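Q: Let's zoom in on one part of this model and skip the grand tour. Take me through how that part packs, and follow the contacts wherever they lead.

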Amino acid sequence: MAVFVPLESGPAHTVRTWNRTIGGAESNVACHLAALGTSSAWVSAVGADPFGRALVEEIAASGVDVTATYVDPERPTGVYFKEPGARGGPVRYYRAGSAASGMGPGLLAELDLGGVRLIHLSGITPALSPSCAELVRAVLTAPREGRLVSFDVNWRPALWPGGDGALLAEPANLADIVLVGDDEAEVVWGTGDAHALRALVPQPATLVVKHGERGATLLERDRDAVFEPALRVRVVEPVGAGDAFAAGFLAATLRGTAPRLRLRQGHLQAASTLLTQDDVGLPLPPGVVGELLEADESVWAAAELTARAVQRRNRLGESAMRSVAREDA
């Protein structure tokens, strides 16, 4: 969707100047994957309007294949407005009857999935319309043919007015990889405890339970659970961080990385978005990423990232991770 972020402080009704950017769970993940060097494609529908054109052009400019994206001549592109804040703020969606809501299961037959290693879905898509829900189910029940399907629960109460979070339990259990926040899990399964969730979500080979600023737990078959604390970040705005985490974790998973480093890659990618008002932030300096991925527990725990320090390191091309960690303290 087209995303509007205020360029002035104060409540939305007083703001006159906005910055138009892009957003949306699956497109965010695709953009992050491309930034991480993982080939990605985005499949969706946009309106035949300036917002739709901007979305396709900007997502393509991020290195994402958009050739399968459909331009709907009748329905508009969805938009939403953010009121940023370190703890989040109101997000106002305007996507009823949007082009994306017109997608259906027939779309799957039109896709060339040769060579695709993973399909990523979110719980937002089935909320858009009955036909979108059918599309998600079609993807989850189709023969895998060697592919993985990941599902980020992404529970959004505003999209399910009067709805039941348990509606997302079935698609989650049909996926190979499930990502869920413990707060979302409370709504969908009645518990946010990672080990209790593993018993309630037995089918996926991989379950990642995110605990916000505390960290994330990875549970996989025939392996002990792994918990990795989150990086300390001086948060600018949190929307989109879950998508960034998913992309970091999935990119590392496709590379066959060890469990702890898969979680760290997720945390690092999430940090890049937490440091900006946009849904997709600029990548962290490669040197900082490399050092933090391999850092011992004490160094990882002591690190704190700030937008000002990271921007400075990006300009200078330095990888002095300890300076980035505390420079603006």
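A: Start with α9 and α10, which pack at an angle of about 145°, with their axes 7 Å apart (axes are lines fitted to C-alpha atoms, for helices over the stretch in contact, and angles run from 0 to 180 degrees between N-to-C directions). This is a predicted model, with residues numbered from 1 along each chain as its sequence is written. Local features need pLDDT of at least 70, side-chain atom pairs count only at pLDDT 80 or more, totals for chains, interfaces and linings use all residues, and side-chain values use heavy atoms, leaving out hydrogens and water. Helices (H or I, at least four residues) and strands (E, at least two) are DSSP runs, numbered from the N terminus.

The crossing of α9 and α10 is right-handed (the near helix is turned clockwise from the far one by less than a right angle; anticlockwise would be left-handed). On the α9 side the contact (heavy atoms within 4.5 Å) takes in Ala241, Ala244, Phe245, Gly248, Phe249, Ala252 and Thr253. Facing them from α10 are Arg262, Leu263, Gln265, Gly266, His267, Gln269, Ala270, Thr273 and Leu274. By class, the contact of α9 with α10 comes out as 8 nonpolar, 7 polar and 1 charged (Ala, Val, Leu, Ile, Met, Phe, Trp, Tyr, Cys and Pro count as nonpolar, Asp, Glu, Lys and Arg as charged, and the others, Gly among them, as polar).

α9 has another partner in α1. Helix α1 (residues 25-35) packs with helix α9 (residues 241-254) at an angle of about 45°, and their axes are 8 Å apart. That angle makes α1 oblique to α9 (under 35 degrees is roughly parallel, over 145 roughly antiparallel, 65 to 115 roughly perpendicular, and the rest oblique). The crossing of α1 and α9 is right-handed. α1 brings Ala25, Asn28, Val29, His32 and Leu33 to the contact, and α9 brings Asp243, Ala244, Ala246, Ala247 and Ala251. The residues in the contact of α1 with α9 split into 7 nonpolar, 2 polar and 1 charged.

How enclosed is α1? Largely so, because 9 of its 11 residues are buried (under 20% relative accessible area; exposed is over 50%, and partly exposed is in between, with a 1.4 Å probe and protein chains only). Those buried residues are Ala25, Ser27, Asn28, Val29, Ala30, Cys31, His32, Leu33 and Ala34. They pack against α2 (50-61), β7, α9 and α10. After α1 comes Gly37, with a positive phi near 85°.

From α9 and α1 you can step over to the strands by way of His120, in strand β7 (residues 118-122). His120 counts as buried at 15% relative accessibility. Setting aside neighbours within four places in sequence, His120 is in contact with Glu26, Val29, Ser150, Asp152, Leu179, Ala246 and Leu250. With Ser150, the side chain of His120 makes a polar contact of 2.7 Å (a pair of N or O atoms within 3.5 Å; within protein, one must be able to donate a hydrogen and the other to accept it, and residues adjacent in sequence count only if both atoms are side-chain atoms).

Ser150 itself lies in strand β8 (residues 148-152) and is buried at 0% relative accessibility. Apart from neighbours within four places in sequence, Ser150 is in contact with Leu118, Ile119, His120, Leu121, Ile177 and Leu250. If backbone geometry interests you, look at Asn154, in the loop between β8 and α6 (169-174). Phi of Asn154 is near 45°, a positive value in a residue other than glycine, and Asn154 is buried at 5% relative accessibility.

Back at α10, there's also a pairing with α11. α10 and α11 pack at an angle of about 145°, with their axes 10 Å apart, and their crossing is right-handed. Here Arg260, Leu261, Arg264, Gln265 and Leu268 in α10 meet Val289, Leu292, Leu293 and Glu294 in α11. That contact has 5 nonpolar, 1 polar and 3 charged residues.

The loop between α10 (259-274) and α11 (286-294) holds Thr276, which is buried, with a relative accessible area of 17%. Thr276 touches Val236, Glu237 and Gly281, leaving aside neighbours within four places in sequence. Its C-alpha atom is 8.0 Å from that of Val235, 41 residues apart along the chain.
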